Amino acid sequence: MISDNIIKVGRILKNHGVKGEVTLSVDNDALFEAECIIVELDGLYVPFYIESRRRKSDTVDLIKIDGVDSEADAAPLLGAPVFLKIDEIAESDDEWGGLEGYKLYNGDIEVGVITAIDDQTENQLFIVEAASGEVLIPIVDEWVNEVDDEAKVIRMTLPEGLVDIN
């Protein structure tokens with residue numbers, strides 16, 4: 001497996017109980033939807049299937065990995081970083097997570113910097129700090145032209161007047 005095709009999403013912290021369940025720190029909500037995680041063990045990227053999971057907090061999940069049935073089975077995994085395939089993150093429902101700090105452009109005009117993503121409703125919103133104050137931009141796939149992760153820029157084509165009504 002090539003490390004360019006994966007992204008770190010968390011770390012296995014410790015055992016939880018005696019039946020192989022582990023505590024996992026979570027950096028990315030896409031992990032909660034994943035069926036398979038990739039764990040770095042001794043410099044190798046090893047896939048593991050998730051048997052069950054439950055959310056403990058916003059940043060911690062409890063997971064049971066298929067074939068890990070005891071504390072001894074889980075011991076080699078403790079402290080190991082956890083990755084997902086990049087294409088699995090793009091397919092997840094929370095594909096817009098992690099874009100805080102990106103500059104948002106409407107065409108060639110800078111709107112502002114994304115400070116958060118509101119996913120409390122069916123339609124997700126970019127919360128953007130603009131020169132005029134906070135602006136809420138609906139995240140509509142058809143409006144997004146480009147997401148440049150290297151430059152931390154998102155270019156959209158927004159309906160005329162949308163930025164002004166906020």
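**Strands, Rings and Burial: A Guided Conversation**

Guide: Opposite Gly-10 stands Val-26, a residue of strand 2. The model under discussion is a predicted one.

Visitor: Why are strand 1 and strand 2 said to pair?

Guide: Pairing requires at least two bridges between the strands. Strand 1, residues 6–15, and strand 2, residues 21–26, are joined by five bridges in the antiparallel sense. The requirement is met, and therefore the two strands count as paired.

Visitor: Into what arrangement do the six strands fit?

Guide: They form a closed barrel with antiparallel pairing, in the order 1-2-5-4-3-6. From one strand to the next, the twist averages 45°.

Visitor: How do you know whether Thr-23 is buried or exposed?

Guide: Thr-23 belongs to strand 2. Its relative accessible area is 3%, and buried means under 20%. Thr-23 is therefore classed as buried. Beyond its neighbours within four places in sequence, Thr-23 has contacts that include Arg-11, Ile-12, Leu-13, Val-60 and Leu-62.

Visitor: How many aromatic pairs does the structure hold?

Guide: It holds one.

Visitor: What makes Tyr-45 and Phe-83 a pair, and why is the pair called edge-to-face?

Guide: Ring centres must lie within 6.5 Å, and those of Tyr-45 and Phe-83 are 5.3 Å apart. Planes over 60 degrees apart count as edge-to-face. The planes here stand at 90°, so the name edge-to-face applies.

Visitor: Which parts does this aromatic pair tie together?

Guide: Tyr-45 lies in strand 4, residues 44–55, and Phe-83 in strand 6, residues 81–85, so the pair links parts 38 residues apart in sequence.

Visitor: Why do Tyr-45 and Phe-83 receive their respective labels for accessibility?

Guide: The boundaries are 20% and 50%. Tyr-45, at 24% relative accessibility, falls between them and is therefore partly exposed. Phe-83, at 10%, is under 20% and therefore buried.

Visitor: What makes the charged end of Arg-155 count as sitting over the ring of Tyr-105?

Guide: One condition is a distance within 6 Å of the ring centre. The charged end of Arg-155 is 4.6 Å from the centre of the Tyr-105 ring. A second condition asks for a place within 35 degrees of the ring normal, and Arg-155 is listed as sitting over the ring.

Visitor: How do you know that strand 11 and strand 12 pair?

Guide: At least two bridges are needed, and strand 11, residues 144–148, shares four with strand 12, residues 153–156, in the antiparallel sense. The pairing therefore qualifies. Val-144 has Met-156 of strand 12 as its bridge partner. The two strands form a hairpin with four residues between them, and Lys-152 in the turn has a positive phi of about 55°.

Key
Residues are numbered from 1 along each chain as its sequence is written. This is a predicted model: local features need pLDDT of at least 70, side-chain atom pairs count only at pLDDT 80 or more; totals for chains, interfaces and linings use all residues. Side-chain values use heavy atoms; hydrogens and water are left out. Axes are lines fitted to C-alpha atoms, for helices over the stretch in contact, and angles run from 0 to 180 degrees between N-to-C directions. Rings of Phe, Tyr and Trp (its six-membered ring) pair if their centres lie within 6.5 Å; planes under 30 degrees apart count as stacked, over 60 as edge-to-face and the rest as tilted. Buried means under 20% relative accessible area, exposed over 50%, partly exposed in between (1.4 Å probe, protein chains only). Contact means heavy atoms within 4.5 Å.
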